[in-house]
Amino acid sequence: MRKLLIILSIIFTVIGVVFTILPMGNIALFPTSIAIVLSVFAVIFSKNNNKKLPKWILVLSTVTFLAVIGKDVFIKDQVAVDQQFIEKKEESKQDAQKELEGLDELQ
Amino acid sequence: MKRIFFALCMCVGFQFVQAQIKSGESLVFAASYEISGLMTNIAQVTLRTENISTSKNTFLHLILEAETFNKWDSFFKVRDLYESYVNPATLKPSMYKRDILEGNYTKTEKYIFSADGKTINSTSKKRNRAELKRTFNIGTSTLDVVTLIYKIRTVDFSKLKPGQSIAYTIVFDETEYPVTIRLMGTETVSAGNLGKKECYKLSIGAKTDRLKGTDKNLIWLSTDSKRIPCQVKFSIPVGVGQLNLSKASGI
């Protein structure tokens, strides 16, 4: 049981870390929350065993959880200033103006 | 993103023309998509208007831009530009342009509406393919999708009773689609910097497999004379999402 809890908490911690690095937003809270719960149980089951791994998993999953919250609070959703897109819009407008002048002449 | 855009466009029509669409208006939305049961912000959608003048006429330039937030750009970059050039008084379209970049997929499209509104001269080009030109017939009241978004804002929904609907036709991907907008009632929703707004809740129905479910594609338009789109919910075969108004200016 103890080993199973440790393996599962490692798996969910890794998923949590990956989701935190990727722009998955609050979805990363799911695996990290599960990892915290599993690692807490792993720590409890390992009390007599004196193993450090469950504690490290608990620390890592908690830090990941806080990182997700931090990202959500402090990093705002922004659109990059895309020079290429700005130029494309300007070109499109200029082309349209020529085209509309042509339509005027036809009417 | 194409499906999302189509769903947004489906969310919109016309009948009782009242309000006038102003030049210089800008509406910024945060687009979110449901991933693993949670709504995740993915892109910014901007609707804006400006005047454009030729030697003889002045057109209202309607613009819809969709850009993924920079955190998504390295995974799936979207830079979509949809434009329509319309008569400022009647919103009759003269030209529609579409230029999309979605990941590795690109497509450009241009429709020139004939003066009588019965045909469209279309020019389109997909990535790595030759440019295609064709002319096809349309109904005289058929609109492009960008114009439709603005046209619906000219409808006086106070004259409709809940359950009543409006029918019209749009052209998208060189195909005409019949669309209905049904008034469901009124609701108060959040409208970004405008605070909370009482809105008409409208259900969009279209005979297309691009939209899913009944009353799952919805738009909330403010009940005031501006009829600002405050929220949009859409359900498409690949998932559900929504657009929330975050900033409105020049209204």
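# A walk through chains A and B

The accessible surface of chain B comes to about 10300 Å², and 48% of that area belongs to carbon and sulfur atoms. Keep in mind as you look around that this is a predicted model. Let's stay with chain B for a moment and see how it is put together.

Chain B has three helices and 15 strands. Its radius of gyration is 17 Å, close to the 18 Å that the globule rule gives for 251 residues, so chain B is as compact as a globular protein of that length. If you line the chain up with its principal axes, the C-alpha trace spans about 45 × 45 × 35 Å. How much of chain B is buried? Of its 251 residues, 56% count as buried. As for charge, chain B carries 36 positive and 23 negative charges, and the mean positions of the two sets are 1 Å apart.

Now turn to chain A. Its secondary structure comes to four helices and zero strands, so to speak a plain α-α-α-α when you read from the N terminus on. The radius of gyration of chain A is 26 Å, well over the 13 Å that the globule rule gives for 107 residues, so this chain is more spread out than a compact globule. You can see that in the box its C-alpha atoms fill, roughly 90 × 25 × 15 Å along the principal axes.

What about the other numbers for chain A? Here 31% of the 107 residues count as buried. The accessible surface is about 7000 Å², with 67% of it belonging to carbon and sulfur atoms. There are 12 positive and 11 negative side chains in chain A, and the centres of the two sets lie 37 Å apart. If you take the contacts in chain A with a separation of 6 or more, residues 24 or more positions apart account for 68% of them.

To get a feel for chain A, pick out L100(A), which sits in helix α4, residues 83–106. Is L100(A) buried or exposed? At 0% relative accessibility, L100(A) counts as buried, because the cut-off for that is under 20%. Which residues does L100(A) touch, once you leave aside its neighbours within four places in sequence? They are I52(B), T54(B), F59(B), Y85(B), S94(B) and M95(B). Compare that with L58(A), which is 42 residues away from L100(A) in sequence and 65 Å away in space, C-alpha to C-alpha.

Next, head for the nonpolar residues inside the model. The largest nonpolar core has 67 residues, and the members that touch the most others are Y96(B), Y150(B), F157(B) and L202(B). Take Y150(B) as an example: leaving aside its neighbours within four places in sequence, Y150(B) is in contact with I21(B), E25(B), L47(B), R48(B), T49(B), L62(B), I63(B) and L91(B). There is also a second, separate core of eight residues, and A96(A), L103(A), M95(B) and I112(B) are among them.

Have a look at I149(B) too. This residue is in helix α3 of chain B, residues 145–151, and is buried, with a relative accessible area of 4%. I149(B) and P229(B) are 80 residues apart in sequence, yet their C-alpha atoms are 9.0 Å apart in space.

The loops of chain B deserve a visit as well. Start with N193(B), found in the loop between β11 and β12 (196–206). At 46% relative accessibility, N193(B) counts as partly exposed. Leaving aside its neighbours within four places in sequence, N193(B) is in contact with S246(B), K247(B) and A248(B). S249(B) is 56 residues from N193(B) in sequence, and the two are 9.1 Å apart, C-alpha to C-alpha.

Finally, a bit of backbone geometry. Most residues other than glycine have a negative phi. Against that background, check E174(B), whose phi is near 60 degrees, a positive value in a residue other than glycine. E174(B) lies in the loop between β10 (165–172) and β11 (175–190) of chain B. R227(B) also has a positive phi, about 45 degrees, although it is not a glycine. You'll find R227(B) in the loop between β13 (218–222) and β14 (229–236) of chain B. Is R227(B) buried or exposed? With 6% relative accessibility, R227(B) counts as buried.

Note on methods: Residues are numbered from 1 along each chain as its sequence is written. Chains are lettered from A and ligands numbered from 1 in the order in which they are written. This is a predicted model: local features need pLDDT of at least 70, side-chain atom pairs count only at pLDDT 80 or more; totals for chains, interfaces and linings use all residues. Side-chain values use heavy atoms; hydrogens and water are left out. A nonpolar core is a set of buried Ala, Val, Leu, Ile, Met, Phe, Trp, Tyr and Cys residues joined through side-chain atoms within 4.5 Å. Buried means under 20% relative accessible area, exposed over 50%, partly exposed in between (1.4 Å probe, protein chains only). Contact means heavy atoms within 4.5 Å. Helices (H or I, at least four residues) and strands (E, at least two) are DSSP runs, numbered from the N terminus. The radius of gyration is taken over C-alpha atoms; the globule rule is 2.2 Å times the number of residues to the power 0.38. Accessible areas come from the Shrake-Rupley method with a 1.4 Å probe; for residues, only the protein chains shown count as cover. Lys and Arg count as positive and Asp and Glu as negative; His and the chain ends are not counted. The place of a charge is taken as NZ of Lys, CZ of Arg, CG of Asp or CD of Glu.
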